[in-house]
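Biologist: I am new to this structure and would like to learn how to read it feature by feature. Could you take me through it slowly?

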Amino acid sequence: MDLSHLFSSHSLRAFSFEGGVRPADEKQFSKDHPILDFMDPQQEMVFFMLQHQGEPCEPVVKEGEKVFRDQLIGSPKGLGAPVYSSVSGIVKAIEPRLHPNGQMIMSVVVDNDHMYETLPAKFPPASFMELTKEEILERIRFAGIVGMGGDGYPTFPKLVSAMQKPIDHVLLNGCECEPYLSSDYRVMLEDSWRVVNGLKIVLSLFPEAKGIICMEHNKPDAVEALGEHVQDDEKIRICTLKSKYPSGDEKVLIESVLRRQIPAGMKAEDASCVVLNIDTSVAISRAVTQARPLERRIITIAGDCVRNPGNYRVRVGTSFSELLEQVSPLAKRPRRVIYGGPMMGNAVNSLDFPVVKTSSCILLLSSKSPSRSEETACIRCGQCLTACPVHLEPFRLYEALMKDDQTLFSKLNGDLCTGCGCCSYVCPAKRDLTEIISKRNWQPEGAEEES
Ligand code: SF4
Ligand code: SF4
């Protein structure tokens, strides 16, 4: 089938960027399995009051109270997004629970009654074309949508802020460049109408903007599935990128597709762009047309230690340990468990934490990560420099940090580091450059992160 009419008009070639790495994509284990539902968890449901960038929500229910599915249980204070119960049941506890980042986070714990009694929708179903911009934004705010690519920035304030800028492009980011992850790919294939509808909804807020759906070039079936819904829409095109990590990093994506650079501390909107994740677009579609809050998530379960790698639709609040026990028991004992992808995810010691709005993957691997004791001296090979997609000098940044020389670190633009992991990946001396560089400057002073 000739797909050329669907592609971005300025080029049929695959876009790319300088730097980056090409790890084995390892998606073959999960990408060909349709998404399976795991929607009736047996164990208690734990809802963190912090599932977004910003301030934790305030619990608005009490212990012993009956709650319904889609009932507000956490109300935002300041920057944040409301949290809803994804089940009906009784509030068992309001207490801090362990987050995969190691912190204790205030949580509402609900005993699932398995009835899934649901509150009536706050708004009637509607096509976005019948709604004003204010009504669309109110539905997005109400639904508690956040950036589901991992950053968790609340979508409502992101869009409101972008509406003050001359936005000329809305990019849907379907690159999913981390190895093993394939949930966005499955969503593009299986829920393509909602993916495109979410983009059309956001474009209706920015009348001067064009939409570009971006994905790596090795997904012709996703191009075809989405293409059916965009072929009559002159404002939306599909753009493919060479398969390279980190093509899906927001700033790298904007530079690859639009040739615009975003300095440290600036956001996509400062380059007249809005970038949204694929599942965020689906959540926007559900929120606006069906008035449903964000209460479910597609998770990739992968790695050589699980029996049934694949993608699973689960309720926010579901325990990861139960999810694995029920859908993909261990085939062998893992030596590494990673929450997120292997390049940017966190190693965790336990699976006793719940699915949140930003969860994307759980990875169970039999190989060990290199230990710090295996690190050797830098041989000045320059591979980290070549791999860095934002053109930094990782070995010099590392040295500046070892000497606690913050002036040199700033002079070398260390604040631009995105924590992508490419430098550590290529380093023959096994230096943990990313950990040292990115943890030091993860949030530049005075800047708000967003992607
Ligand atoms: S982790 Fe930072 S320094 Fe290393 S390659 Fe990525 S952006 Fe560059
Ligand atoms: S890749 Fe490792 S060994 Fe090579 S220059 Fe960078 S830090 Fe040094």
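Biologist: Let me begin with a single pairing: which residue in β11 is the bridge partner of Glu-216?

Modeller: Before the answer, please keep in mind that this is a predicted model. The bridge partner of Glu-216 in β11 is Leu-241, and this belongs to a wider pairing in which strand β10, residues 210-216, is joined to β11 by six bridges, the two strands running parallel.

Biologist: In what order do the strands of that sheet lie, and how are they paired?

Modeller: To read a sheet, one follows the strands from neighbour to neighbour. Here four strands form an open sheet in the order β11-β10-β9-β12, with parallel pairing. The edges are taken by β11 (236-241) and β12 (273-277), each of which has a single partner strand, so one side of each is left without a neighbour in the sheet. On average, and with direction ignored, neighbouring strands of this sheet are turned by 25° against each other.

Biologist: Which strands does helix α4 lie across?

Modeller: For a helix over a sheet, one asks which strands lie under the helix and at what angle the axes run. Helix α4, residues 192-205, lies across β9 (169-173), β10, β11 and β12, and runs at about 160° to β9. Helix α7, residues 278-290, lies across β9 and β12, and its direction is at about 90° to β12.

Biologist: What is the strand order in the open sheet of six strands?

Modeller: That sheet has the order β1-β14-β13-β17-β15-β16, and its pairing is mixed. At its edges stand β1 (36-38) and β16 (346-347), each with a single partner strand, so one side of each has no neighbour in the sheet. An antiparallel pairing within it is that of strand β15, residues 336-339, with β16, over two bridges, where Ile-338 has Ala-347 of β16 as its bridge partner. Helix α8, residues 320-327, lies across β1, β13 (296-302), β14 (310-315) and β17 (361-365), running at about 130° to β1.

Biologist: Turning to the ligands, how many residues surround ligand 1, and which are the closest?

Modeller: A ligand shell can be read by its residues, by the elements that supply them and by their classes. Ligand 1 is surrounded by 16 residues, the closest being Cys-388, Cys-417, Cys-420, Cys-422 and Cys-423. At least two residues of this shell come from each of α12 (422-426) and α13 (433-441), and α13 gives the most, with four residues. By class, the shell around ligand 1 holds eleven nonpolar, five polar and no charged residues.

Biologist: And which residues are closest to ligand 2?

Modeller: Around ligand 2 there are 15 residues, with Cys-378, Cys-381, Cys-384, Phe-395 and Cys-427 the closest. The elements giving two or more residues to this shell are α9 (383-387) and α10 (394-402). Its classes are eleven nonpolar, two polar and two charged residues.

Biologist: How many helices and strands does the whole protein chain have?

Modeller: The protein chain has 13 helices and 17 strands. Its radius of gyration is 22 Å, close to the 22 Å that the globule rule gives for 451 residues, so the chain is as compact as a globular protein of that length. The C-alpha atoms fill a box of roughly 65 × 50 × 45 Å along the principal axes, and buried residues make up 49% of the 451 residues. Among contacts between residues at least 6 apart in sequence, 74% join residues at least 24 apart.

Conventions
Residues are numbered from 1 along each chain as its sequence is written. Chains are lettered from A and ligands numbered from 1 in the order in which they are written. This is a predicted model: local features need pLDDT of at least 70, side-chain atom pairs count only at pLDDT 80 or more; totals for chains, interfaces and linings use all residues. A residue is near a molecule or strand if its C-beta atom, placed from the backbone, lies within 6 Å of it. Ala, Val, Leu, Ile, Met, Phe, Trp, Tyr, Cys and Pro count as nonpolar, Asp, Glu, Lys and Arg as charged, and the others, Gly among them, as polar. Two strands pair if DSSP finds at least two bridges between them. Axes are lines fitted to C-alpha atoms, for helices over the stretch in contact, and angles run from 0 to 180 degrees between N-to-C directions. Two residues are in contact if their C-beta atoms, placed from the backbone, lie within 7 Å. The radius of gyration is taken over C-alpha atoms; the globule rule is 2.2 Å times the number of residues to the power 0.38. A residue is buried if 20 or more other C-beta atoms lie within 10 Å of its own, exposed if 12 or fewer, and partly exposed in between; C-beta atoms are placed from the backbone.
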